[in-house]
Amino acid sequence: MGIQPLPQSLDHAIRKLEESELAAEVLGEEVFSYVLANKRREWSQYRSQVTPFELQQNLETL
Amino acid sequence: MASLGLSELARYGFVDLEATVSKLDALVAKVGDAGRAALAELGLAANPDQALNALLDLADIDKTQLKKILGKPDFSARLIRTLGASSAMVDLLRRKPELLAIFEDKDSKPRSTVEILKRFRAAVETAESTFDAKVAALRLAYRTELLRLVAFDVTAGDPLEAFQEVSRNLSDLATSAMETGLEIARWELSTSDTHGSFSKSEIDATGLAVMAMGKCGARELNYLSDVDVIYIAEPLSEEITSERALEIATKLATRMMRAMDGAGVEPALWQVDPNLRPEGKSGALVRTVESHVTYYERWAQNWEFQALLKARFAAGTKALAELYLAKLEPMVWAATGRDGFVESAQKMRERVTDHIPANEVDRQIKLGPGGLRDVEFTVQLLQLVHGRTEESVRVPDTLGAIAALANAGYMGRTDAEVFTQHYKFLRAIEHRIQFSQMRRTHLMPDSEVAIRSIARGINHKWTSETLIARWEQVKQEVRLLHQKVFYRPLLSALAKLGDAATLTSDQIVDRLRAIGFIDPATAIGHINALTSGLSRRAAIQKQLLPVLLEWFAAGTEPDSALLAFRRLSEDLGESPWYLRMLRDSSGAAERMTHVLSASRLATGLFERQPEAAAWFERIEDLKPLGLDSLLGEMMAIADRHTDHEKVANSLRGIRRRETLRLAMGAVLGTIDIGELSKGLTDITESYLTALLEFVNDTGFDLGIVAMGRFGGSELGFGSDADVMFVYAKSADPESDQKKAEAVIAEIRKLSADPLLEFELDLDLRPEGKNGPVARSLESYSAYYEKWANTWEDQALLRARVIAGSEDLREAFTNLIDTYRYPVDVEPKAIVEIRRIKARVETERLPQGADPKRHLKLGRGSLSDVEWLVQLLQLSNGAKFPEIRTPQTLEALDACVAAGLLEKHDATVLAEAWMLASRIRSAIVIYSGRRSDVLPTDRRALEGIARILEYPRGSATALEQDYLAYTRRARMVFERVFYAQ
């Protein structure tokens, strides 16, 4: 039907944004690249945390 | 009227002669002898046919009254000329024949504001008690006065002299209509709940002032245009809060506007345009005085202050308007001292000019070249420049301002008089065009009949040709006047001659600073030096300098341009060709100012070879000479002489001359980037080849291999020449190497040029800085076989042998082909290239540099594109011989053709690569210095953008383009280069 799912994660959303000429034009190139850098940092911080779920699930197998 | 001959009718100005005879008879039949008397008057009407037809119609409607009017010569003249000039007024009279009464009024002069207001109020008073009825009554009252004014205008004798009175009266009609409209709105709001429930005392306690801006503000309105306004509101007593007052005032303002421009039984008058208010369309319609002040203190743009120059109380609560003006006026004049104030005023004007559709330019009375806007702009510019220190020139209307500027000595008396006459002439035409159909237009009609009516409306003896010829002359003079009035007085030498305004040196400084000179005092020194004395040169420069100054000011670097011009002028002295060129060829003079004010590179080179100025006249000379021609010239010198320094000097001279030629061509747009890089490559190639031939004169077979951008024929201004040297071994290898080294050392010495840097870079040779500067063919072979790294193979992709014997060239090319286009590419090598690229990106980029702005190593810039191309060539060159080329763009195309790259990707990469290359060259042209970083400084960006042929004010546009192109290129690069 040509309907595509919305991004499921921040990572996916960032990739979509990177490809967007519209966003680049609306924000201006400088702001656009700043927003992207900011969000990439947010994503990497998010990924570097160890969640209680992971501890509970995986600690024992170590 | 059978006695009238057709030729006589034609002389009266009728077009449809046959019909006219019977029409005149019909008129006489209806109104008697009065109809006969009308003939003479018809002959003075703008359009006699239209007037006669209208008379016949009106006779059918009200024979008695028409008879009475035609019976009196004064009345008859007013009616007939009105009918002949305005079909809109004919329609009005047909619709409302009772208005014929105004032609019987003994007093035909325009009325005072008090009188107008009295009449408007009376009309509203007697109307039915509904908003619509009152509005209709007001509009009809307005139209009655308008009809009266047209009648005055067309019988005033000289329409130029009547213009000012007419224009003031039109403004008074507009403000009075708004005043009455506001009263209707107050009445409506306090008697009905349709627009919200407010008590009468609340409404009375709400102060609302309407400020007229623009033409209405300056009391120089035309017959039909938008009326620009700004609203101010305050509570007048403690009874209501500021918020409530603003709410009520907003309703009042909105209803007042509807009274002017809303649909109704009696058609709308004109649009009320409140968009000059703070924040424009998105701002609150009504603000308090304090809120206005805060906005202008913090946020207002330069042009918004400029708009305030014409603000005037129009309607409503006068005390608020006075408070508003008292607070804002000092800010307006302080703002004119802001940086870039005048520049932004100029930019606005250009933007307006740019928006005229091309097919209308010639018909534009207002916005076209030599139109009303040009007069207004010049006058406002002078006011902005001098009004800060001279209060007497702060006059809102154009004619008043011209008089004030002349009185205060900022404009010559004669110039002021000419300006005034031309302004009145253009406005008189504009008015006639507008009231003929009461349409908002500033275009000369295109039908012959309509133009003839306008012409006869100015002077009944004129034909359409007379009008057009006169108009063309006025346009031309107006165009010249700007330059005469603004720039000529900058030459104090001229002022002493008395044909221009005499300015004090402070005033000259003000003007020069206003147009962009950073150091006006020095500029004055140059101007004086160029114009003093009695030489022929000084005389010609006196004539020319005003226009040159205007052109210099249009560039980004007027100060250095003026200095360069002075030097050039002093160097060339009295050379007859130079003076002739300046005097006779305005194209050449304009090109010269353009180059001098855009390019430090060019101005620097000019100092050494002023005779190159001749190229400004022969623009066809600004094409690259081509390799063969350059080589021929250089070799001839090398062959004729033996003295090393002498030959080197001549060759350097040619190199500088040709570089200047290309720089001029690039600034003037006679060559494109492809021709430029090819041209620069040819210069370097012939320079080195000639030097080699000259130094190496023993028949020793030594060849030069161009590498990098030199190899790819992609040199920019200031690029290094990357080369390697290769020789064919003779019987005595020991001495071969020594010989080669001696030759290379001599080439290095002779090629160096302190005036136009030349950098021979040998770092790409085997073993880099530690390796020998030349090798034999065998030595290269051995080295590449045993030692070469992947990056060295990669560098060979752009190698191109430019000198040496045929055998040597072929042997070397065959040798390197096996390495740069390997049949079997080891996956390891590909990984290695990717790894090195990543390292280069992080390590080679200078500390603190913004990768987005680095033209060579930055994100999506030159190196990304080139590495990607080279990776493709290295991996596929053996299989696809067609992609073997040292040139990046050619390789991109070839890769697409070979199916190695998507067409779209190649386009994105090529665009980024081209823009980065062009910017790199433009930086050198603009600043005379090399830099690999896109500047952040706006002035520098502006200068670079101009060289790249962006319009004025494109610093940000260039920046956005570069960042966007490289961002896209980087996305392609990451996808393709790192693909598995």
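**Exercise 1.** Find which residues of α29(B) meet which residues of α30(B), and state how the two helices are oriented.

*Solution.* Step 1: B:V595, B:L596 and B:A598 of α29(B) meet B:R600, B:A602, B:T603 and B:F606 of α30(B); contact means heavy atoms within 4.5 Å, and helices (H or I, at least four residues) are DSSP runs numbered from the N terminus, as are strands (E, at least two). The model is predicted: local features need pLDDT of at least 70 and side-chain atom pairs pLDDT 80 or more, while totals for chains, interfaces and linings use all residues. Residues are numbered from 1 along each chain as its sequence is written, chains are lettered from A in the order written, and side-chain values use heavy atoms, without hydrogens and water.

Step 2: The axes of α29 (residues 586-598) and α30 (residues 600-608) of chain B come within 5 Å and cross at roughly 110°; axes are lines fitted to C-alpha atoms over the stretch in contact, with angles from 0 to 180 degrees between N-to-C directions. Therefore α29(B) is roughly perpendicular to α30(B), a label for angles of 65 to 115 degrees.

**Exercise 2.** Describe the interface of chain B with chain A.

*Solution.* Step 1: About 740 Å² is buried between the two chains, 44% of it on carbon and sulfur atoms; this is the accessible area (1.4 Å probe) lost on being put together, summed over both parts. In chain B, B:Q960, B:R967 and B:M971 lose the most area to chain A, together 55% of what that side buries.

Step 2: Five salt bridges are counted between chain B and chain A, each a side-chain nitrogen of Lys or Arg within 4 Å of a carboxyl oxygen of Asp or Glu. B:R967 and A:E29 form a salt bridge (2.9 Å, N to O).

**Exercise 3.** Where in chain B do the partners B:K310 and B:E220 lie?

*Solution.* Their side chains form a salt bridge (3.2 Å, N to O). B:K310 is in the loop between α15 (302-308) and β5 (312-316), and B:E220 in the loop between α12 (214-217) and β2 (227-235), 90 residues apart.

Technical notes:
Angles under 35 degrees count as roughly parallel, over 145 as roughly antiparallel, 65 to 115 as roughly perpendicular and the rest as oblique.
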